Amino acid sequence: MSDPLPDPRPCTAFDGPRRIARGPLAAVALAVRAALAADPPGPLLVFDDVTGAVIDLDLRGTPAEVAARHAGLAEPAAPRGRGRPRLGVVAREVTLLPRHWDWLALQRGGASHALRRLVEEAMRADAGQSRARAARDAAYRFLSAMAGDLPGFEEAARALFADDRARFAAEAAGWPPDIRAHALALAWAGDPAAPS
């Protein structure tokens, strides 16, 4: 069996309101382990930068064991089955109504080709809206854990979901700088107009 692939998901660790580490999960786990040894005021929390969810770490053992354990947290590979693995095709179940299957059967290229074409068209029409919604959801999960008790949280959350960056920045202006900066980075990642 081959070694597990490194988990490339970006993570961020906080010691109370202060950001202490950012990067791949294994590196962040080592930084958290070192911070624990220094008896931080805490609490120490690690967030998945894609979903905004808190990540539980297993920090037992040597630093090498901790790094190895967290480098292998990527999703296990699905068992090989049907499909064209070299092309990245993955077979999964799709549930449709009989009329949908009837329509797909009439399409040139078969059901799989028709479904891929429909998904590609939907992805183009989406114009990044799904990605923006996921980014705001991640920011809200992070904020719920880190800023839920801070003044202006409710108004900042409303501004977040209204995609009102200026209002969000104004409501979060009095928050600890690392919390504010991380929330902005999660919510408007890759947006050059995002406030800093």
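## A tour from salt bridge to pocket

Begin by selecting Asp-163 and Arg-136, which form a salt bridge whose closest N and O atoms are 3.9 Å apart. This pair links distant parts of the chain, since Asp-163 sits in the loop between α6 (153-161) and α7 (165-171) while Arg-136 belongs to helix α5 (residues 129-146), 27 residues apart. Keep in mind throughout that the model on your screen is a predicted one. With a relative accessible area of 34%, Asp-163 is partly exposed, whereas Arg-136, at 15% relative accessibility, counts as buried because the cut-off for that class is under 20%. While Asp-163 is still selected, look at its backbone as well: its phi is near 60 degrees, a positive value in a residue other than glycine.

**The whole chain**

Now clear the selection and colour the chain by secondary structure, where you should find 8 helices and 3 strands. Followed along the sequence, these elements come in the order β-β-α-β-α-α-α-α-α-α-α. If you colour by accessibility instead, buried residues make up 26% of the 196 residues in the chain. Of the contacts with a separation of 6 or more, 58% are between residues 24 or more positions apart.

**More salt bridges**

The structure holds 7 salt bridges, and two further pairs are worth a stop. Side chains of opposite charge can pair when their charged atoms come close. Select Asp-15 and Arg-18, whose closest N and O atoms are 3.6 Å apart in a salt bridge; Asp-15 counts as buried at 6% relative accessibility, while Arg-18 is partly exposed with a relative accessible area of 47%.

Next select Arg-60 and Asp-58, a salt bridge in which the closest N and O atoms are 2.5 Å apart. Here Arg-60 counts as exposed at 59% relative accessibility, and Asp-58 counts as partly exposed at 22%. Add Arg-69 to the selection, and you have a network of salt bridges that links Asp-58, Arg-60 and Arg-69.

**From Asp-58 to His-70**

Stay with Asp-58 and display its backbone nitrogen, which lies 3.1 Å from a polar atom of the side chain of His-70. His-70 is found in helix α2 (residues 63-71) and counts as buried, at 2% relative accessibility. From His-70, draw a distance to Ala-29: the two residues are 41 residues apart along the chain, and their C-alpha atoms are separated by 7.1 Å.

**Ala-53 and its surroundings**

Move to Ala-53, placed in the loop between β3 (44-48) and α2, where it is partly exposed with a relative accessible area of 29%. A C-alpha to C-alpha distance drawn from Ala-53 to Ala-138 should read 7.1 Å, although 85 residues separate the two in sequence. If you leave aside residues up to four places away in sequence, Ala-53 touches Val-46, Phe-47, Asp-48 and Arg-141.

**A second histidine**

Select His-182, which has its place in helix α8 (residues 177-187). Is His-182 buried or exposed? At 1% relative accessibility, His-182 counts as buried, because that value falls under the 20% cut-off. Show side chains, and you can trace a polar contact of 3.3 Å between the side chain of His-182 and the side chain of Asp-49. Widen the selection around His-182 and, not counting residues up to four places away in sequence, the residues it touches are Thr-12, Phe-14, Arg-22, Asp-49 and Phe-142.

**The largest pocket**

For the last stop, turn on a surface. Rolling a probe the size of a water molecule over the atoms shows where empty space is left. In this model the largest pocket holds about 430 Å³ of space. To outline the largest pocket, select Gly-88, Val-89, Val-90, Ala-91, Arg-92, Val-94, Trp-101, Ser-112, Leu-115, Arg-116 and Val-119, the residues that line it.

Which helix gives the most to the lining of the largest pocket? Helix α4 (residues 110-126) does, with 4 residues. Coloured by class, the lining of the largest pocket shows 7 nonpolar, 2 polar and 2 charged residues.

Definitions and conventions:
Residues numbered from 1 in each chain as written. Predicted model: local features only at pLDDT ≥ 70, side-chain atom pairs only at ≥ 80, totals over all residues. Heavy atoms only, no water. Helix = DSSP H or I, 4+ residues; strand = E, 2+ residues; numbered from the N terminus. Buried < 20%, exposed > 50% of the residue type's maximum accessible area, 1.4 Å probe, protein only. Polar contact = N/O pair within 3.5 Å; in protein donor to acceptor, adjacent residues only side chain to side chain. Contact = heavy atoms within 4.5 Å. Salt bridge = Lys/Arg side-chain N within 4 Å of Asp/Glu carboxyl O. 1 Å grid on protein atoms, 1.4 Å probe; cavity = no way out; pocket = protein on both sides within 12 Å on 5 of 7 lines; lining within 4 Å. Points joined across faces, edges and corners; volume = space filled by probe spheres on them. Nonpolar A, V, L, I, M, F, W, Y, C, P; charged D, E, K, R; others polar.
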